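I am opening this notebook to keep track of what I look up in the structure shown below. My entries turn to charged pairs and then to pockets.

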Amino acid sequence: ARVALSLALSCAAWRTTVFLIRGPAAEWYAYNVFECRADQLLIGCMVAIALHRRWFARFFSVLCASPWLIVLTACGLLTSALLQPGGFGKGVYGSLIEGVLGGIFLVQAIFLPTGFWLRNWLNSSVCAYGASISYALYLYHQIPFGILWHFFPAHPIAIVFAGITISIGMADLSYRFIEKRFLRARSPTTGVAHSAA
């Protein structure tokens, strides 16, 4: 946990340094490269460690005191995204704020009471499918969007719908024919691999 915290703070400090040195030209770099985004992944790691070892139990109980608090957290995420859509603010503190709020959102989602509408939705087959292709979706989405923006810049709404559709298709194929093979290869039985998938 200490290593994860130290690395997260280092990533945030590095991202700030990049913006201070390069100014507006740093935005693309800071948004895309691993060392400028790893703090958000590390926040997730720290949350997982804290939950597993039952650290900060009182703090987590306050965060999850009401299931409706998750709506407040979601509003905070949306507000941060709207107030800091890009630039220095987004790169320096917006990303860190959204990483922390994202971690809080996950904790609140895990401890939603049974029967609460959002818990039912998060456990739905639609969300399960989205989770299974989420990494591939992250990997491939820039390919169709980049091509569509290059050839059809005058049709942004069509680009969004077409880009999302193509990205989901690519992610689905990647999950079925690439990722699941690795999951099966790492698992002693096909059934366990299927469950892990």
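**Salt bridges**

I began with the charged pairs and found that the structure, which is a predicted model, holds two salt bridges.

For the first entry I looked up Arg-15, which forms a salt bridge with Asp-39, and I noted that their closest N and O atoms are 2.9 Å apart. This pair links distant parts of the chain, since Arg-15 belongs to helix H1 and Asp-39 to helix H3, with their positions 24 residues apart in the numbering. I then asked myself whether Arg-15 is buried or exposed. Its relative accessibility is 1%, so I entered Arg-15 as buried, the cut-off for that word being under 20%. Asp-39 has a relative accessibility of 0% and therefore also went down as buried.

For the second entry I turned to Arg-176, whose salt bridge partner is Asp-172, with the closest N and O atoms 2.7 Å apart. Both residues lie in helix H10, which covers residues 156–186, and they are four residues apart, or about one turn of the helix. Here I wrote down the accessibility of each partner separately: Arg-176 is partly exposed, with a relative accessible area of 47%, whereas Asp-172 is buried, with a relative accessible area of 14%.

**Largest pocket**

I next looked up the largest pocket and recorded a volume of about 1,000 Å³. Which residues lie nearest its centre? Of the 23 residues that line the largest pocket, I listed Arg-37, Gln-40, Leu-41, Ser-134 and Tyr-138 as those nearest the centre. Tracing the lining back to the helices, I found that H2 (26–32), H3 (38–52), H6 (87–110) and H8 (125–140) each supply at least two residues. By residue type, I noted that the lining of the largest pocket divides into 13 nonpolar, nine polar and one charged.

**Second largest pocket**

My last entry concerns the second largest pocket, which holds about 420 Å³ of space. This pocket is lined by 16 residues, and I marked Met-46, Val-47, Ala-50, Phe-56 and Phe-60 as the closest to its centre. Which helices each supply at least two residues of this lining? I wrote down helix H1 (2–22), H3, helix H4 (57–63) and H6. Sorting the residues of the lining of the second largest pocket by type, I counted 14 nonpolar, one polar and one charged.

Terms used. Residues numbered from 1 in each chain as written. Predicted model: local features only at pLDDT ≥ 70, side-chain atom pairs only at ≥ 80, totals over all residues. Heavy atoms only, no water. 1 Å grid on protein atoms, 1.4 Å probe; cavity = no way out; pocket = protein on both sides within 12 Å on 5 of 7 lines; lining within 4 Å. Points joined across faces, edges and corners; volume = space filled by probe spheres on them. Nonpolar A, V, L, I, M, F, W, Y, C, P; charged D, E, K, R; others polar. Salt bridge = Lys/Arg side-chain N within 4 Å of Asp/Glu carboxyl O. Buried < 20%, exposed > 50% of the residue type's maximum accessible area, 1.4 Å probe, protein only.
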